[in-house]
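Work through the exercises below with the model open in a viewer. Each task is followed by a solution in steps.

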Amino acid sequence: MKKPADALIDSNQLRERAEQIVAAQPALEAVSQDNDKRLLHELQVHQIELEMLNENLRQSQMELEKSWARYHDLYELAPVGYLSLNDNDLIVDANRTASKLLGRLKKSLLEYPLTRFIVRDDHDIYYAHRKQLVKTGKAQQMELRLTQAGATSYWVRLEMNRTLDMDANPVLRVILSDINEQKSNDEYLRQAAAMFEATREGVMITDAQTRILVVNRRFSELTGYSASEVIGMTPQMLSSGRQNEQFYTAMWDDVQKHSYWQGEIWDRRKDGEIFPQMLSISAVRCEQNQISHYVGVFSDISKLKDAEARLDFMAHHDPLTGLSNRLLLFSRLEHCISMSRRERKSAALLMMDLDRFKDVNDSYGHLAGDELLQQVAHRLTSRLRNIDTVTRLGGDEFALLLEDLSHPQDAALVAVEILESLSLPWQLSNGIEVRIGVSIGISLFPEHGKSSEELLQHADTALYRAKGEGRGNFKYFSEDMTHAALRRINLETLLRRAVVKDELLVYYQPQVDIRTGKIIGAEALLRWHNAEEGMIPPDQFIPVAEEIGLISEIGEWVLRQVCQQGMNWIAAGLPSLKLAVNLSLHQFRHGDVAALVAEVLHETGFPPGMLELELTESALMERESEVVLILQRLQDLGVRLAIDDFGTGYSSFAYLKYFPLNILKIDKTFIEDLTEMDDDKEIAAAIIGLGHTLHLQVLAEGVETEEQLIFLKEQGCDFYQGYYASPAVSAHDFFNLFQNSPVPK
Ligand code: C2E
Ligand code: CA
Ligand code: CA
């Protein structure tokens, strides 16, 4: 742009005129003095006018210069670049911003074509707009990339207009704005959005209150919920219920504390299916460090889990039989030990080695051997409870872990069953029948070892001994346990036979009235007389009978026997007496006792009022409402009810009130030390008092000395039973005792 210097032309002309007038002055003087004076005056006035005019002009020139400076500043320092191009696209003017954008000083820009600074790929855009401009005369706008001498390109917006300059030549006015930053932001957002949609992970973004704001396409594919179904909801709608409150609390705690959490979690899809996912949650914080958003990214890891489970199975199982392997046995054993220790339970480890397996392998080949092992595995597992672990340790060695064992000898029962089951013939698919055997070593927790290693080692030692004793049998790690187990197994066989062979007897122990010393009745106690073993005490065989399911049969037999005997005594002229029969827990819980009692009373004709049934505390404690009903039905029959071994079971007296009972039998352990232990004295006295408060009669068991009897008498106890009066004796002997009662001592 040129400075407007021509603006002074007018004032110069004025000055010329004034000089002409002044130059003409002497000539005029000569014409006339008067005229002269007038003219002079006029001239002076003109001159003043001219000077004023000139001053005005000077003023406006200054104004013009100021505005020119302002304009110049605005033009040069504008935030956008201005360029003027001639019709050949050559730069004819540029402001400072433009020259900065193009990366050159103004003077070295001039006469260069603008296209020289435009990235080659964008030339077409430029020319297209350029053409349009010429054609339509309308200003054009475009975005294209400039480059500074081949350096990295950057984005500008280019606005182009076409006018005429002062000399009426066409000129292009170009405005350049730097949009590089905006462009790269746009680009970033575009890429982020593409990534958000294309990623293989499900993504959700929530606000600080965990309300879902956006989800991506993958989220919908994985959960089955469309965006519109979840926006505004919280991710809780996906929860599967697999994780508890605690889990979520810990998770959110982590997110708050570290702004991040990652872990495995199970969610529920819209169709109800639950699936495992790897989830990461990030907290997004605003400038004040407050959480503004949460971003959850998750992937479905079902397949991974399946593969993991498969690998895990392979690592813990024997491929041939599918049984657990040594590794799994070991971890189960560890777990079992810690559980058993905590809950004070016992467990057994059985180590088994097949006998004569090698023969099968050698004679029929490995395939036959493998098949046999599979069949063995099958027979072993088909007989066991779910909680028991069967393991193939390798070769023809197997192990079995029995958890929650109620009795150490139960392990032997399982061992015997396995011995029998595996000794049955085996049918192989090639048509051959083979026979094998097995030897078993048993170690018990806690008796034979407190660690997995110890238990394994001791079971192995026991197995070695079992094999040493001619195979086909079992051995505990300790000899006495083996004996006890064998005896028990032996007892079982004998007991089954005893019932058939009539080896059981009922003995009667007198019950005595403490005040009068008269026998008022007897407790019926079972006796077993075995030809080889002699007398076997009920404490030994009744638990066996209970376990093998013989107790109901035996109990029924005792009841019938006692009522029959009672009738015989009545017939023989004995006065009214009371006969007490023990009922086992098993009898009470399974089967209808009341119906049985009614039936036996009816059959024998024994008066119900003379029959007393003894129950232990533990029989009464479970299923109370049912128990009350059963007791009620028994009382309705007219039978008396006693609570046996009182004080040894649950010491809750509350239930005594609810049960219809007649008599309370103080357990003999309290009577035993009565004369020495003050505590026992107090307990016995308290029980007697308690019984009486509840309107029950009280009987003391196990009275052996006069001192005990004197104490009981002082306390007002009603009856007693014990060696002091008599042990349990045969029906015949009891008959004699009764007739001689009161007891002569
Ligand atoms: P229980 O019902 O507490 O029977 C009392 C036990 O104490 C009897 O043992 C008896 O012989 C013994 N005894 C009696 N007086 C004395 C004494 O002065 N001192 C000592 N130390 N002991 C004495 P037994 O006959 O060996 O019976 C043991 C347990 O077997 C009985 O305990 C009872 O629970 C059970 N039992 C006995 N017969 C039967 C029966 O027919 N059916 C059922 N279900 N259980 C029975
Ligand atoms: Ca009893
Ligand atoms: Ca008792």
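**Exercise 1. Burial of a tyrosine and its ring partner**

Task: Decide whether Tyr 724 is buried, partly exposed or exposed, then describe how its ring sits relative to that of Tyr 720.

Solution. The model is a predicted one.
- Step 1: The relative accessibility of Tyr 724 is 18%. Buried means under 20%, so Tyr 724 counts as buried.
- Step 2: Tyr 720 has a relative accessible area of 4% and is buried.

**Exercise 2. A ring pair across the sequence**

Task: Classify the aromatic pair of Tyr 508 and Phe 734, and state which elements the pair ties together.

Solution.
- Step 1: The search of the whole structure returns 15 aromatic pairs. One of them is Tyr 508 with Phe 734, at 6.1 Å centre to centre and 35 degrees between the planes, which is a tilted arrangement.
- Step 2: Tyr 508 belongs to strand β18 and Phe 734 to helix α28 (residues 731-740), so the pair ties together parts 226 residues apart in sequence.
- Step 3: To complete Exercise 1, the ring centres of Tyr 720 and Tyr 724 are 6.4 Å apart with planes at 45 degrees, so this pair is tilted.
- Step 4: Tyr 508 counts as buried at 1% relative accessibility, and Phe 734 is buried at 0%.

**Exercise 3. Other ring contacts**

Task: Identify which residues are linked into a cluster by ring pairs, and find which charged residue lies over the face of Tyr 112 and which over the face of Phe 719.

Solution.
- Step 1: The cluster consists of Trp 68, Tyr 71, Tyr 75 and Tyr 82.
- Step 2: Over the face of Tyr 112 lies Arg 104, 4.5 Å from the ring centre.
- Step 3: Over the face of Phe 719 lies Lys 578, at 5.2 Å from the ring centre.

**Exercise 4. Two calcium sites**

Task: List the protein donors of the calcium ion (ligand 2) and of the calcium ion (ligand 3), and find which residue coordinates both ions.

Solution.
- Step 1: For the calcium ion (ligand 2), the protein donors are Glu 523 (OE), Asn 582 (OD1), Glu 614 (OE) and Asp 644 (OD), at 2.1 to 2.3 Å. Along the chain their spacing reads E-x58-N-x31-E-x29-D.
- Step 2: Within this set, Asn 582 in strand β21 and Asp 644 in strand β23 are 62 residues apart, and the pair links distant parts of the chain.
- Step 3: For the calcium ion (ligand 3), Asp 644 (OD), Asp 645 (OD) and Glu 701 (OE), the last of these listed twice, lie 2.1 to 2.5 Å away. The spacing here is D-D-x55-E.
- Step 4: Asp 644 appears in both sets and bridges the two calcium ions, ligand 3 and ligand 2, which lie 3.8 Å apart.
- Step 5: For accessibility, Asp 644 counts as buried at 7%. Asn 582 is partly exposed at 29%, and Asp 645 is partly exposed at 25%.

**Exercise 5. The largest pocket**

Task: Give the volume of the largest pocket, and describe its lining by residue, element and class.

Solution.
- Step 1: The largest pocket holds about 1200 Å³ of space.
- Step 2: Its lining has 38 residues, and those closest to the centre are Glu 523, Leu 525, Pro 538, Asp 539 and Asn 582. Glu 523 and Asn 582 are also donors of the calcium ion (ligand 2).
- Step 3: Elements that each supply at least two lining residues include β18 (504-513), β19 (519-530), α18 (538-547), α19 (551-571), β21 (578-582) and β23 (640-646).
- Step 4: The lining divides into 18 nonpolar, 10 polar and 10 charged residues.

**Exercise 6. The enclosed cavity**

Task: State how many cavities of 30 Å³ or more there are, and name the residues that line the largest cavity.

Solution.
- Step 1: The count is 1 cavity of 30 Å³ or more, and the largest cavity has a volume of about 40 Å³.
- Step 2: The lining is made up of Arg 379, Leu 380, Arg 383, Leu 384, Leu 400, Ile 418, Ser 421 and Leu 422.
- Step 3: Helices α14 (366-382) and α15 (410-423) each supply at least two of the lining residues. The most come from α15, with 3 residues.
- Step 4: By class, 5 lining residues are nonpolar, 1 is polar and 2 are charged.

Methods. Residues numbered from 1 in each chain as written. Chains lettered and ligands numbered in written order. Predicted model: local features only at pLDDT ≥ 70, side-chain atom pairs only at ≥ 80, totals over all residues. Heavy atoms only, no water. 1 Å grid on protein atoms, 1.4 Å probe; cavity = no way out; pocket = protein on both sides within 12 Å on 5 of 7 lines; lining within 4 Å. Points joined across faces, edges and corners; volume = space filled by probe spheres on them. Helix = DSSP H or I, 4+ residues; strand = E, 2+ residues; numbered from the N terminus. Nonpolar A, V, L, I, M, F, W, Y, C, P; charged D, E, K, R; others polar. Donors = N, O, S within 2.8 Å, 3.2 Å for Na, K, Ca; no water. Buried < 20%, exposed > 50% of the residue type's maximum accessible area, 1.4 Å probe, protein only. Phe/Tyr/Trp six-rings, centres within 6.5 Å; stacked < 30°, edge-to-face > 60°. Lys NZ or Arg CZ within 6 Å of the ring centre and 35° of its normal.
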